[in-house]
Amino acid sequence: MKAVLSFAIALLVSSCVGWSQAPAAPSDDFVRTHYTKYEYRIPMRDGAKMFVAVYVPKLGAFKDAGPYPFLVTKTPYSCGPYGVDKYPARVGPSQLLMESGYIFVCEDARGRYGSEGVFQEMNPHIDDKKSSKDVDESSDMYDTVEFLLKTVANNNGKVGITGISYPGFYTSASIIDSHPAIKAASPQAPMTDLFFNDDGYHGGAFMLGANYGFYRFFLPQKNPLIPTGGGAGRGGASSTENPDTYATLLEAGPTGNLDTGKVYLDGKNWLFRDQLMHTTYDDYWQKRDLSRHMKNVHAATMEVGGWFDAEDLSGPFKTFHAIDQFNPGNTNTLVVGPWTHGGWSRGDGDHLGDVEFNAKTSLFYREKIELPFFEHYLKDKPEPALPKAYVFETGTNVWKTYDAWPPKPAVVKTLYFRANGGLSFDPPAEKAGVDEYVSDPAHPVPFVGYPTDTVPQRYMADDQRFATTRSDVLVYMSEPLTQDVTIVGPVKPKLKIASTSTDADFVVKLIDVYPYDAANPPGMESGNKRILGAAPLVMGGYQQLVRGEPMRAKFRDSWEKPTPLTPGKVTAVNGEMPDVNHTFRAGHRIMVQVQSSWFPLVDRNPQTFVDIPQAKPEQFVKATESVYRNAGAASGVEVLVLP
């Protein structure tokens with residue numbers, strides 16, 4: 001088997017954090033001693049029955065005797081363990097909330113585990129429901145809430161919805177045309193529009209490593225299915241798999257082989273095939289763009305995300321803006337910290353890899369933001385007075401509050417590529433200027449500088465020095481900054497390029513280059529000491545990735561109808577990366593790297609205009625890529641800079 005077991009398990013576990021991965025309870029039997037468990041199969045309007053596990057505070061278990069609000073999470077990853085006498089180690093999104101007393105509800109998604117019906121990937125919302133057969137996540141949650149209010153004793157008539165990743169999608173979908181009892185909702189890292197910078201595609205390029213690893217274990221089911229051991233439905237894989245995904249997925253050849261190959265998925269997972277084969281922004285993706293449907297939201301909402309979320313970085317921003325657009329005046333807050341996928345729900349959040357944040361940001365969020373939000377809207381506790389945007393500024397490592405996102409004072413500037421690898425806010429004046437490199441899909445640029453059997457979350461802040469040594473990576477770097485430069489909001493590469501072939505990818509990386517000092521001259525670095533458990537890594541010369549994304553040139557004019565490049569013709573390729581909030585400190589340098597592969601994070605472009613999953617080995621060709629940097633054809637990265 002060519003997949004990597006630990007990679008897939010890590011992804012699957014990280015996607016379930018909204019329910020099962022909260023911090024450890026004060027004792028192993030806290031849930032059993034403080035809550036009574038009930039199980040129900042709730043009939044929906046179309047006749048299908050949804051499984052829910054309900055945990056009700058026991059009489060006298062909490063100082064507050066109730067009545068209690070509901071806090072609901074819906075998941076495709078199982079509400080196990082099943083059986084009213086079987087308790088999980090923890091319930092709810094955090095220890096603080098668990099200790100505060102709520103009626104916690106976990107619901108298996110339609111067509112998964114204990115719930116009947118047919119599972120659809122990101123079940124499309126139906127705006128105009130004509131009969132009881134027209135069901136979606138909004139109608140299912142409406143019916144679930146109706147049942148809970150009427151059935152579960154000692155409730156106060158208020159409902160909150162929360163979840164991370166896929167459960168975040170269900171949270172967002174549940175509050176469209178929402179039940180009036182839903183008073184608070186927090187979509188956290190919600191899957192929102194899979195084709196645009198969430199799990200599926202980024203810049204038209206398929207996120208290969210994460211998707212293949214995930215769908216090796218997220219399999220179709222025949223429902224209702226109650227596994228005897230609970231769990232999240234991980235499939236079996238060989239224990240002798242190659243632990244280096246770069247070599248494994250390169251050996252596989254064209255990505256279509258992963259779907260049909262006997263030693264890969266063998267055509268048995270249509271969920272993966274749907275992701276892989278819908279290579280343009282067709283109807284499959286468009287009807288799953290939940291941001292188009294975020295209307296009639298009546299609950300107070302708080303979207304949560306992480307600057308270093310490798311799975312669903314775009315979703316919180318798209319959901320936040322959509323709720324504002326369609327529901328003016330609704331209470332709506334954006335919270336973003338220096339976190340990986342779901343990192344705010346577990347751990348301290350004080351570092352990522354070698355990069356320190358000098359504060360326990362996850363603990364701060366759980367205590368000062370999440371708990372007061374639900375306590376106020378569901379229990380009438382004091383108003384938390386949250387700002388419109390509560391965001392952590394990396395680089396300076398401070399929390400910032402704004403009355404809009406992106407902040408209104410920010411001004412548009414462009415970091416221009418200059419001669420001799422320079423980078424400047426001043427545009428080039430030269431009449432001629434171009435940089436070239438040869439891109440070979442047989443030897444793609446890796447996305448990390450070390451072997452890995454996973455997509456390590458830390459890659460999003462990793463040192464990029466390994467890439468500067470390659471001849472197929474262009475490097476542009478500013479002079480040392482004389483003052484701090486704070487960049488906020490989306491990052492927009494705008495390139496003028498030419499290629500000797502008919503398609504190409506352009507991966508653009510925005511990088512913070514740390515200065516050396518007298519005590520730490522060049523050459524003092526001695527590897528990743530944090531991983532090895534020794535002293536902190538010397539950071540002089542560190543090239544921290546701030547944001548990086550691919551752009552597939554065939555989509556330069558249309559996401560629905562790609563067109564080939566004309567070999568040798570200069571053309572514009574523009575992109576938009578997910579938002580940042582980062583300060584490049586005085587003395588640091590700003591760097592931009594440009595390359596044409598980022599493997600196996602992103603699938604390989606054959607560099608021939610072809611439907612990539614169906615590409616033949618001979619269609620993978622070398623190409624010379626040209627990036628222009630002159631007055632008539634300037635390339636650079638457009639950013640928003642705070643004055």
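In which sense do strand β19 and β23 pair, and over how many bridges? In this predicted model, strand β19, which covers residues 485–499, pairs with β23 in the antiparallel sense, and six bridges link the two. One point of this pairing can be located by residue: V485 stands opposite F584 in β23. Strand β23 itself spans residues 577–584, and eight of its eight residues are buried, so the strand is largely enclosed by the rest of the structure.

These two strands belong to a protein chain whose secondary structure comprises 15 helices and 26 strands. The C-alpha atoms of the chain occupy a box of roughly 75 × 55 × 50 Å along the principal axes. For 643 residues, a compact globule would be expected to have a radius of gyration near 26 Å; the value for the chain is 25 Å, which agrees with that expectation.

Burial was assessed for the chain as a whole. Of its 643 residues, 60% count as buried, where buried means under 20% relative accessible area. The accessible surface comes to about 23300 Å², and carbon and sulfur atoms account for 53% of this area.

Contacts were considered between residues at least 6 apart in sequence; of these contacts, 79% join residues that are at least 24 apart. The chain carries 63 positive and 74 negative charges, and the mean positions of the two sets lie 2 Å apart.

Terms used. Residues are numbered from 1 along each chain as its sequence is written. This is a predicted model: local features need pLDDT of at least 70, side-chain atom pairs count only at pLDDT 80 or more; totals for chains, interfaces and linings use all residues. Side-chain values use heavy atoms; hydrogens and water are left out. Helices (H or I, at least four residues) and strands (E, at least two) are DSSP runs, numbered from the N terminus. The radius of gyration is taken over C-alpha atoms; the globule rule is 2.2 Å times the number of residues to the power 0.38. Buried means under 20% relative accessible area, exposed over 50%, partly exposed in between (1.4 Å probe, protein chains only). Contact means heavy atoms within 4.5 Å. Accessible areas come from the Shrake-Rupley method with a 1.4 Å probe; for residues, only the protein chains shown count as cover. Lys and Arg count as positive and Asp and Glu as negative; His and the chain ends are not counted. The place of a charge is taken as NZ of Lys, CZ of Arg, CG of Asp or CD of Glu. Two strands pair if DSSP finds at least two bridges between them.
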